[in-house]
Amino acid sequence: MTRIITFLSGKGGVGKTTISSNVAEALFAAGKKVVVVDANVTTPNLSLHYGLSESGPSLHDVLNGNFNITDVIYKTSSGLPIIPGGLSFNNLKGKIKKSLAKSLIELVGKVDYILIDASAGLGGETQLAVKASDELVIVTNPELPAVTDALKAKKMAEEYRVSLLGVVLNKVTGLDFDLKEDNIREFLELPVLGVVPHDIHVPMSIRERTPVFISYPESKSAKAIKQIVNKITGEELYIPDKEDGPFKKWLKRFLGLE
Ligand SMILES: Nc1ncnc2c1ncn2[C@@H]1O[C@H](COP(=O)(O)OP(=O)(O)O)[C@@H](O)[C@H]1O
Ligand SMILES: [Mg+2]
């Protein structure tokens, strides 16, 4: 069964793209069939997190009826399939011939997860993404403006009757001025799927155009991502080593395992 999960927030800049791109890499590394979609048609940026600078057709061209979803699947450097956003909103306005939900139908049944990185705000583009999904993850920061917008996002999810998996707290500093996890849980009445620290490795990985889960797998944020993925899948994620290090190679040979 394909699970379509959208990451949304209300407020921009809280970390939707960071969380969705890394959750996608983690699922992919664990051998799941996953496609990540940039539903940010006005200001797409998911591709940038992966260092892709595609100039070919994108989701935008699928929504306006010119291409099939299978024509706009690209691969990141790790091999993860990604559907990039689009060009300018003006090109899209009034031209949506196919909803996102309909556009994705061809992938349903073929992959385990379709992860959608929603745009900022709760307007038209975000509604498209919410309508196309079965489940939602709300991303927020431990500060009042982000959390109040998260509550609005939750209300929208309820309106569309999409099930809410929970909330991810991102950029948590642990300092006094952070809203406390318990207070956020109580305010939003949602389970906390994970707490991702404010971590310098995140901007470093964005500069390196490789999600932190891949570029700094030992960082605190990468470890927090793994916890979130465990919560989403309901299983302990096993990520096989891509290649054995010299010691493991030697040990395997020594033990006659290869
Ligand atoms: N856990 C984190 N620690 C430090 N910086 C972060 C973290 N998560 C995101 N950021 C930074 O916040 C900015 C916005 O993140 P992004 O994922 O693009 O947010 P959104 O998609 O919600 O607009 C980026 O510049 C990123 O480097
Ligand atoms: Mg984003």
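# Helices, sheet and ligand shell in a predicted model

In helix H11, which covers residues 220-233, a rise of 1.5 Å a residue means that the 14 residues should span 20 Å, and the end C-alpha atoms are indeed 20 Å apart, which agrees. This is a predicted model, and the points below should be read with that in mind. Eight strands form an open sheet with mixed pairing, and 18 residues surround ligand 1.

**Helices H11 and H1**

- The buried residues of H11 are Ser221, Ala222, Ala224, Ile225, Lys226, Ile228, Val229 and Ile232, and what covers these buried residues includes H1, S7, strand S8 (192-197), H9 and helix H10 (212-215).
- Just after H11 comes glycine 234, whose phi is positive at about 75°.
- Helix H1 passes the length check as well, because its 14 residues at 1.5 Å a residue should span 20 Å, and its end C-alpha atoms lie 20 Å apart.
- How many of the 14 residues of H1 are buried? The count is 14 of the 14, so H1 is largely enclosed by the rest of the structure.
- Just after H1, glycine 31 takes a positive phi of about 90°.

**The order of the sheet**

- Read across the open sheet, the strands follow the order S3-S4-S2-S5-S1-S6-S7-S8, and the edge strands are S3 and S8, each of which pairs on one side only.
- In a regular strand the side chains alternate between the two faces of the sheet.
- Tyrosine 74 belongs to strand S3, which consists of residues 74-75, and this tyrosine counts as partly exposed because it has 16 C-beta neighbours inside 10 Å, whereas a buried residue needs 20 or more.
- Between the C-alpha atoms of tyrosine 74 and leucine 128, which are 54 residues apart along the chain, the separation is 22 Å.

**Strand S6 and its partners**

- Strand S6, made up of residues 135-140, is mostly covered, since five of its six residues are buried.
- On one side, S6 is joined by four bridges to strand S1 (residues 3-8), and the two strands run parallel; within this pair, isoleucine 5 stands opposite glutamate 135, and leucine 8 stands opposite isoleucine 138.
- S6 also pairs with S7 in the parallel sense, over six bridges, and here glutamate 135 stands opposite serine 163 of S7.
- What lies between S6 and S7 along the chain? The chain crosses through helix H7 (residues 144-159), and this β-α-β crossover is right-handed.

**From S7 to the edge strand S8**

- Strands S7 and S8 run parallel and are joined by four bridges, and the bridge partner of leucine 169 is valine 195 in S8.
- Here the chain crosses from S7 through helix H8 (residues 181-188) to S8, in a β-α-β crossover that is right-handed.

**Around ligand 1**

- Of the 18 residues around ligand 1, those that come nearest are Gly15, Lys16, Thr17, Thr18 and Val202.
- The elements that give two or more residues to this shell are helix H1 (16-29), strand S7 (163-172) and helix H9 (201-207).
- Sorted by class, the shell around ligand 1 has six nonpolar, nine polar and three charged residues.
- Helix H9 also contains methionine 204, which is partly exposed because 14 other C-beta atoms lie within 10 Å, a count between the 12 or fewer of an exposed residue and the 20 or more of a buried one.
- Methionine 204 and phenylalanine 28 are 176 residues apart in sequence, and their C-alpha atoms are 22 Å apart in space.

**Two arginines with positive phi**

- Arginine 161 has a phi near 55°, a positive value in a residue other than glycine, and it lies in the loop between H7 and S7.
- Is arginine 161 buried or exposed? It counts as exposed, because it has 6 C-beta neighbours inside 10 Å and the limit for an exposed residue is 12 or fewer.
- Arginine 209, in the loop between H9 and H10, has a positive phi of about 60° although it is not a glycine.
- Arginine 209 is partly exposed, because it has 16 other C-beta atoms within 10 Å.

Notes. Residues numbered from 1 in each chain as written. Chains lettered and ligands numbered in written order. Predicted model: local features only at pLDDT ≥ 70, side-chain atom pairs only at ≥ 80, totals over all residues. Near = placed C-beta within 6 Å. Nonpolar A, V, L, I, M, F, W, Y, C, P; charged D, E, K, R; others polar. Pairing = 2+ DSSP bridges. Right-handed = clockwise from strand over helix to strand, strands pointing away. Expected span 1.5 Å × (residues − 1). Contact = placed C-beta atoms within 7 Å.
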